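Biologist: I'm new to this one, so could you walk me through it? Let's pull up the sequence and the structure.

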Amino acid sequence: MTPPSITLTRVTPADATLLDNLWQFYELESSFWSGEDIDANGRFNSLSGFLGRLGDPDAFD
């Protein structure tokens with residue numbers, strides 16, 4: 001049986017909403033043991049620095 005192949009693609013500013021939503025779910029699921037808490041808007045905010053760098057093509061090289 002051949003293992004499935006994986007293709008990596010660069011993250012772009014267009015992916016910010018998807019990544020933020022995935023991160024919110026991850027933080028929710030892990031908040032019990034991680035101790036992370038929501039902000040005044042009812043969201044986890046620990047991914048905001050990463051999302052802010054998405055427009056910089058050199059930020060992840």
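Biologist: How many aromatic pairs does the count come to here?
Modeller: Keep in mind that this is a predicted model. Ring centres have to lie within 6.5 Å to pair, and Trp23 and Tyr26 sit at 5.0 Å centre to centre. The count comes to one aromatic pair.

Biologist: Is the pair of Trp23 and Tyr26 stacked, edge-to-face or tilted?
Modeller: Planes under 30 degrees apart would be stacked and those over 60 edge-to-face. The planes of Trp23 and Tyr26 are 40° apart. That falls in the remaining class, so the pair is tilted.

Biologist: Which helix holds Trp23 and Tyr26?
Modeller: These two are three residues apart, about one turn of the helix. Both lie in helix H1.

Biologist: And is Trp23 buried, partly exposed or exposed?
Modeller: Buried would need under 20% and exposed over 50%. Trp23 has 27% relative accessibility, so Trp23 lands in between. Its partner Tyr26, at 41%, gets that label too. For Trp23, then, the label is partly exposed.

Biologist: Let's switch to charges. Which residue meets Asp20 in a salt bridge?
Modeller: Side chains of opposite charge can pair when their charged atoms come close. A search of the whole structure finds one salt bridge. At 2.2 Å, N to O, it fits within the 4 Å cut-off, and the partner of Asp20 is Arg43.

Biologist: How many residues apart are Arg43 and Asp20?
Modeller: Asp20 is in helix H1, which covers residues 16-34. Arg43 is in the loop between H1 and helix H2 (48-52). The pair links distant parts of the chain, 23 residues apart.

Biologist: Why does Asp20 count as buried?
Modeller: The cut-off for buried is under 20% relative accessible area. Asp20 touches Arg43, Leu47 and Leu51, leaving aside residues up to four places away in sequence. Arg43 is partly exposed at 33%, whereas Asp20 is buried because its relative accessible area is 18%.

Biologist: What about Asp37, buried or exposed?
Modeller: Asp37 lies in the loop between H1 and H2. Its relative accessible area is 59% and the cut-off is over 50%, so Asp37 is exposed.

Biologist: What separates the C-alpha atoms of Asp37 and Glu27?
Modeller: Along the chain, Asp37 and Glu27 are 10 residues apart. In space, their C-alpha atoms are separated by 8.7 Å.

Note on methods. Residues are numbered from 1 along each chain as its sequence is written. This is a predicted model: local features need pLDDT of at least 70, side-chain atom pairs count only at pLDDT 80 or more; totals for chains, interfaces and linings use all residues. Side-chain values use heavy atoms; hydrogens and water are left out. Helices (H or I, at least four residues) and strands (E, at least two) are DSSP runs, numbered from the N terminus. Buried means under 20% relative accessible area, exposed over 50%, partly exposed in between (1.4 Å probe, protein chains only). Contact means heavy atoms within 4.5 Å. A salt bridge is a side-chain nitrogen of Lys or Arg within 4 Å of a carboxyl oxygen of Asp or Glu. Rings of Phe, Tyr and Trp (its six-membered ring) pair if their centres lie within 6.5 Å; planes under 30 degrees apart count as stacked, over 60 as edge-to-face and the rest as tilted.
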